Amino acid sequence: MVKALLVDDEKRMLDLLALYLRPHSYICKKAISAKEALSFLKEETFDIVLIDIMMPEMNGWELCQEIRKDSDIPIIMVTAREQKEDIVKGLKLGADDYVTKPFDEDELLARIEAVLRRMKPARKIEVNGLLWNEDEFELSYKNNTLKLTPKEFTMLGYFIRKPNQVFTREQLIELIWGYDSHTEGRTVDSHVRNMRDKIRQSGFPIDDYLITVWGIGYKWINKPSL
């Protein structure tokens, strides 16, 4: 399942996009303005964002800039503006692709899938000697294996893959335990605490990287090489 955030000030277009995407296993959330989209992005995790350009108060270009300040989530501009300079501007501001209205349903789906393939997360990530290896489901530091639980390992992967992105406790519950889970925020805190303890004992300075954002959740910050 792919979770898509659709942003357009025309409800009819939002409904049309959702109509196209839902039969292809997309979960669609609709935002009628850039402000509402930013609010949703703070509260939930999405796989891709489709943005209209011509919106009141904050246009699609401005929204793209705001998103790119702290997120590398895939962005596709979906708009009636088809001038070359508009396309170039959108791509320079951080959009990953550009689809003009009216669009063909198959082309839109193909472009979304192409962007998602390009943005497929790395399966091995190394941070100053700490190696997160999804293929072998293994975490090691300077070639010494660390024993994490499956949920701890998965949670660490989300952090490392998205440096500087704040994950709320609610987002982590949704990502790791699932939408219908009755897990509470303190369970997330317990997993983070145990994970930190295990990694700290290996000698890796985890407290310099995995930061608590008080009252909200956690985020990973990459530091210069040791």
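In this predicted model, K29 lies over the face of F40, at 4.5 Å from the centre of the ring. A similar arrangement involves K3, whose charged end sits over the ring of F46, 5.0 Å from its centre.

K3 itself belongs to strand β1, which spans residues 2-7. Is K3 buried or exposed? Its relative accessible area is 8%, and because buried means under 20%, K3 counts as buried. The side chain of K3 also makes a polar contact with the side chain of E174, at 3.0 Å. K3 thus has two partners to look for in the structure: the ring of F46 and the side chain of E174.

After β1, the reader may turn to helix α1, residues 11-21, where M13 is found. M13 is buried too, with a relative accessible area of 7%. Which residues does M13 touch, once its neighbours within four places in sequence are set aside? They are D8, K101 and F103. T187, by contrast, is 174 residues from M13 in sequence and 40 Å from it in space, taken from C-alpha to C-alpha.

The next stage concerns strand β12, residues 217-220, and its partners. Strand β11, residues 210-213, runs antiparallel to β12 and is joined to it by 4 bridges. The two strands form a hairpin with 3 residues between them, and in the turn G215 has a positive phi of about 80°. Strand β10, residues 167-168, is also antiparallel to β12, with 2 bridges joining the pair. What stands opposite G217 in β12? V213 does so, and T168 does so as well. In a regular strand, side chains alternate between the two faces of the sheet.

Aromatic rings provide a further theme, for the structure holds 9 aromatic pairs. One of them is formed by F159 and Y218, whose ring centres are 6.4 Å apart; their planes meet at 65°, so the pair is edge-to-face. This pair links distant parts of the chain, since F159 lies in helix α6 (residues 150-161) and Y218 in strand β12, 59 residues apart. F159 counts as buried because its relative accessibility is 0%, and Y218 counts as buried at 4%. Elsewhere, ring pairs join Y141, F204, Y209 and W220 into a cluster.

Terms used. Residues numbered from 1 in each chain as written. Predicted model: local features only at pLDDT ≥ 70, side-chain atom pairs only at ≥ 80, totals over all residues. Heavy atoms only, no water. Buried < 20%, exposed > 50% of the residue type's maximum accessible area, 1.4 Å probe, protein only. Polar contact = N/O pair within 3.5 Å; in protein donor to acceptor, adjacent residues only side chain to side chain. Contact = heavy atoms within 4.5 Å. Pairing = 2+ DSSP bridges. Phe/Tyr/Trp six-rings, centres within 6.5 Å; stacked < 30°, edge-to-face > 60°. Lys NZ or Arg CZ within 6 Å of the ring centre and 35° of its normal.
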